[in-house]
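User: Please choose one part of this model and take me through it closely, keeping the cut-offs in view as you go. I would like one connected account that I can follow on screen.

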Amino acid sequence: MYRLYHKIPKGLEPVANVFKQHITAEGTVLVQQAEDAATNQGGSSGAVQEQVLIRKIIELHDKYMEYVTNCFINHTLFHKALKEAFEIFCNKAVGGSSSSELLATFCDNILKKGGNEKLSDEAIEETLEKVVKLLAYISDKDLFAEFYRKKLARRLLFDRSANDDHERSILTKLKQQCGGQFTSKMEGMVTDLTLARENQTSFEEYLSNNQNAHPGIDLSVTVLTTGFWPSYKSSDLNLPSEMVKCVEVFKGFYETKTKHRKLTWIYSLGQCNINGKFEQKNIELIVSTYQAATLLLFNTSDRLSYSEIMTQLNLTHDDLVRLLHSLSCAKYKILLKEPNTKTISQSDHFEFNSKFTDRMRRIKIPLPPVDERKKIVEDVDKDRRYAIDAALVRIMKSRKVLGHQQLVSECVEQLSRMFKPDIKAIKKRMEDLITRDYLERDKENPNMFRYLA
């Protein structure tokens, strides 16, 4: 077909059109299948379907890329057709998750320990290469970056990353595809962890040289740079005295290294191993810092009410309900709750369950996950507003005077590498910049804007 039609002027355009329609139809069917599966099965199996979808889209891309390079001799028309087709169905949401989130989750699955993909190193490299190529078709690259960063943070902080080399390798690929600004924070995170490990080693040396400073329990601290990591809320948790001592000791050590930095403790990311002395046997419990602080209250009290626990820990209702649920209503009932119901209410009382036992000597007590999707989307929205403001000011600064239509289209063009800005949002930001005296409307022609220095 190609050899036959490429001799005719404009003969290839209809062929490229048919090619584009065909790929779009095939891709849309894949998305629809995943959507149906997610709706019918809901929950966890839906998530697996979504991962399968990314695999299938990668296979589809490989198949048609082969056509473009071999049958259509890399002709630009067919590259364009392939790109436009993939842009259509790669931006559809599945099961309530945007394609940016699906792609970030897919990467997470490949890069974390015990992910459900058992691949050789070469296969992982190859798959990551293909994922980054798919990202080129996705319009909300900033949303992908935010989801990816959140998942990267979890992999790094909880030591779930299978291989540091793969982590660095995908960042290099993303940098080539989307530019240095896109990956600068993520690269900072990976470097931070290497520095944190060195810091921990020197902390251990400091403790062995200052015997009287030892906090009495093993402590490892990961010091991070605020700007690189996702923002975590730091709460004023009332720590048990044993932990307060740890914090003081580490502070003393850190001040020997630098006087100019302020430490903010993020207890929500901490993990503790504590010994539970039960009637039948001792069991080591792996819990979060919050859960540990809650359990340690029962060393001094036999029975505590919801409000007593709340006052002693200084926590919000939302946090406390999750905590007490994980310790008294979930799989492992370390605390006994009165009345014995499945939900936590403010009139409940709690006791230590001394009869608890388990066949394992160590158990991990999970906290129910918080759905972060809404917060990530809100954060990205906020960042987009700043990005639009900056682009408008940049354009007007160099042009001084510009028509409305031109300003909007230049702004779209500048930002479309990261996301497709909404025209309404751009107009809103323009109005905002006028009220803040960055721009003004021309007196004679309201469709012209002037830059105010």
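Analyst: Strand pairing and what surrounds it

Let's start with one pair of residues: I274 stands opposite L285 in β2. Before going on, please keep in mind that this is a predicted model, where local features need pLDDT of at least 70 and side-chain atom pairs count only at pLDDT 80 or more, while totals for chains, interfaces and linings use all residues. Residues are numbered from 1 along each chain as its sequence is written, and side-chain values use heavy atoms, leaving out hydrogens and water.

β2 covers residues 282-288, and seven bridges join this strand to β1 in the antiparallel sense (strands are DSSP runs of E with at least two residues, helices are runs of H or I with at least four, both numbered from the N terminus; strands pair when DSSP finds at least two bridges between them). Stepping back, β1 and β2 belong to an open sheet of three strands in the order β1-β2-β6, and the pairing in this sheet is mixed. β1 (271-277) and β6 (362-364) form the edges, each pairing on one side only. From one strand to the next, the twist averages 25°.

Next to these strands you can pick out helix α11, residues 289-296, which lies across β1 and β2 and runs at about 130° to β2 (angles run from 0 to 180 degrees between N-to-C directions, and axes are lines fitted to C-alpha atoms, for helices over the stretch in contact; contact means heavy atoms within 4.5 Å).

Now follow β5, residues 349-352, which is joined to β3 (residues 303-305) by three bridges, with the two strands running antiparallel. Here R303 has E351 of β5 as its bridge partner. β5 also pairs with β4 (residues 335-338), again in the antiparallel sense, this time over four bridges. If you zoom in on K337, you will find F350 of β5 opposite.

To place all this in the chain, look at the domains: domain 1 spans 1-194, domain 2 spans 195-267, domain 3 spans 270-364 and domain 4 spans 372-451 (the bounds come from an automatic or database domain assignment). The C-alpha centres of domain 2 and domain 3 are 26 Å apart. Across their boundary, eleven residues of domain 2 are in contact with 13 residues of domain 3.

One helix pair rounds off the tour. Helices α7 (residues 141-157) and α14 (residues 373-399) pack at an angle of about 135°, and their axes are 10 Å apart. On the α7 side the contact uses D142, L143, E146, F147 and K150, while α14 brings R373, I376, V377, V380 and R384.
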